[in-house]
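Q: Can we go through this model together? I have a few short questions about some of its residues.
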Amino acid sequence: RPTYAVSRIERSRNRTLSRGSEGSRSTVVWNPFFEKAAALGDLPDAAFRDFVCIETANAGPDLVTLLPGESSTLLARISL
């Protein structure tokens, strides 16, 4: 049965960011900063100042190894 984890971050604007996941043991939060933002065609150059990327993952010590024929499904639910 997939595990489901939820985390919430309270924001100063009385908003709550909720993140839930299934099949994931890790969450990667990153920002492209100005160099990569400038290289992304679908992102204005200065947009990196206003967002972060939140990705569902099984990274680092949470790495999942699959044998031939096996599969793994990750699901992310993000709401504001």
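A: Sure. One definition to begin with: a residue is partly exposed when its relative accessible area falls between the buried range, under 20%, and the exposed range, over 50%. Also, this is a predicted model.

Q: Where does F33 fall on that scale, then?
A: F33 has a relative accessible area of 44%, so F33 is partly exposed.

Q: And F34?
A: F34 comes out at 43%, so F34 is partly exposed as well.

Q: How many aromatic pairs are there?
A: The count is 1 aromatic pair. F33 and F34 form that pair, with 4.7 Å from centre to centre and 55° between the planes.

Q: Why is the pair called tilted?
A: Because planes under 30 degrees apart count as stacked and those over 60 as edge-to-face, with the rest being tilted. The F33 and F34 planes are 55° apart.

Q: Which helix holds F33?
A: Helix α1, which covers residues 33–39. The phi of F33 is near 55°, a positive value in a residue other than glycine.

Q: Changing topic: which strand is S26 in?
A: S26 is in strand β3, residues 26–30.

Q: Is S26 buried or exposed?
A: Buried, because its relative accessibility is 12% and the cut-off for buried is under 20%.

Q: What does the S26 side chain make a polar contact with?
A: With the side chain of D62, at 2.6 Å.

Q: What else is S26 in contact with, leaving aside neighbours within four places in sequence?
A: Besides D62, S26 is in contact with E55, T56, A57, N58 and A59.

Key:
Residues numbered from 1 in each chain as written. Predicted model: local features only at pLDDT ≥ 70, side-chain atom pairs only at ≥ 80, totals over all residues. Heavy atoms only, no water. Phe/Tyr/Trp six-rings, centres within 6.5 Å; stacked < 30°, edge-to-face > 60°. Buried < 20%, exposed > 50% of the residue type's maximum accessible area, 1.4 Å probe, protein only. Helix = DSSP H or I, 4+ residues; strand = E, 2+ residues; numbered from the N terminus. Polar contact = N/O pair within 3.5 Å; in protein donor to acceptor, adjacent residues only side chain to side chain. Contact = heavy atoms within 4.5 Å.
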